[in-house]
Amino acid sequence: MPHSFFRGHGDGTWSDLDRRKAIAYADFRRQVCANCGTRPAEWDESAGGDEDAYRAITHRCVGCQIIADRQKTLPEGDEAHGMKVGLIPTSVHAALEVARTHPH
């Protein structure tokens, strides 16, 4: 979607400015570390950054904790290849269990 259209302007066609913005954003995203979400320039004082730009904090996500606990119960070796642990809402799980145990 062109940025101008997103902002409520134009008819949805891509203007030269929309294309330049999209290319600039793609370039910006390529610079972002996939792990921590920062860019090297944010840390580099010669680029206007600050070596103290961020602070590390801790945060516990209960969902991630539950996934990690369940991953510990997966079988060892080849038996676990391709197995993934994910979360689904309890109501969906209950409906799936009913469908599995009470086929039509």
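Select W14 to begin: this residue is found in the loop between α1 and α2. The helix labels come from DSSP runs (H or I, at least four residues for a helix; E, at least two for a strand), numbered from the N terminus. W14 counts as partly exposed because its relative accessible area is 38%. On this scale, buried means under 20% relative accessible area, exposed means over 50%, and partly exposed lies in between, with a 1.4 Å probe and protein chains only. Now add E97 to the selection. W14 and E97 are 83 residues apart along the chain, and 48 Å separates their C-alpha atoms.

A word on what you are viewing. This is a predicted model, where local features need pLDDT of at least 70, side-chain atom pairs count only at pLDDT 80 or more, and totals for chains, interfaces and linings use all residues. Residues are numbered from 1 along each chain as its sequence is written, and side-chain values use heavy atoms, with hydrogens and water left out.

**Stop two: the start of the chain**

Select M1, F5 and F6. Together they make a nonpolar surface patch of about 390 Å². A patch is built from residues with over 30% relative accessible area and no salt bridge; like charges are joined within 9 Å, and nonpolar side chains (Val, Leu, Ile, Met, Phe, Trp, Tyr) within 5 Å. The areas come from the Shrake-Rupley method with a 1.4 Å probe, and for residues only the protein chains shown count as cover. Zoom in on M1. It is found in the segment before α1, which spans 3-6. M1 counts as exposed because its relative accessibility is 66%.

**Stop three: salt bridges**

How many salt bridges does the structure hold? There are four. Each needs a side-chain nitrogen of Lys or Arg within 4 Å of a carboxyl oxygen of Asp or Glu. Visit three of the pairs.

- Select D16 and R20. Their closest N and O atoms are 2.5 Å apart in a salt bridge. Both sit in helix α2 (residues 16-31), four residues apart, so about one helical turn separates them. D16 is partly exposed, at 43% relative accessible area. R20 is also partly exposed, at 48%.
- Select D52 and R55. In this salt bridge the closest N and O atoms are 3.7 Å apart. D52 is partly exposed, with 44% relative accessible area. R55 counts as exposed, at 62%.
- Select R100 and E97. You met E97 at the W14 stop. Here its side chain meets that of R100 in a salt bridge, 2.8 Å from N to O. The two are three residues apart in helix α5, so about one helical turn lies between them. R100 is exposed, at 59% relative accessible area. E97 is partly exposed, at 29%.

**Stop four: the loop between α4 and α5**

Begin with H81, which lies in this loop. Is H81 buried or exposed? It is exposed, with a relative accessible area of 58%. Add T38 and draw a line from C-alpha to C-alpha. H81 and T38 are 32 Å apart in space and 43 residues apart in sequence.

Next, select M83. This residue is in the loop between α4 (62-71) and α5 (90-101). M83 counts as partly exposed, at 41% relative accessibility. Add G12. The C-alpha atoms of M83 and G12 are 42 Å apart, with their positions 71 residues apart along the chain.

Then select K84, also in the loop between α4 and α5. K84 counts as exposed because its relative accessibility is 74%. Add C33. From K84 to C33 the C-alpha distance is 24 Å, and the two are 51 residues apart along the chain.

**Stop five: the largest pocket**

Keep K84 selected. Which residues line the largest pocket? They are I66, R70, K84, V85, G86, L87, I88 and H93. Select them as a group and show their side chains. The lining divides into four nonpolar, two polar and two charged residues. Here Ala, Val, Leu, Ile, Met, Phe, Trp, Tyr, Cys and Pro count as nonpolar, Asp, Glu, Lys and Arg as charged, and the others, Gly among them, as polar.

The pocket has a volume of about 200 Å³. On a 1 Å grid over the protein atoms alone, a pocket is an open set of points with protein on both sides within 12 Å along at least five of seven lines; lining residues have an atom within 4 Å of a point.

Note on methods: On a 1 Å grid over the protein atoms alone, a cavity is a set of points where a 1.4 Å probe fits but cannot get out, and a pocket is an open set with protein on both sides within 12 Å along at least five of seven lines; lining residues have an atom within 4 Å of a point. Grid points are joined across faces, edges and corners, and a volume is the space filled by probe spheres set on the points.
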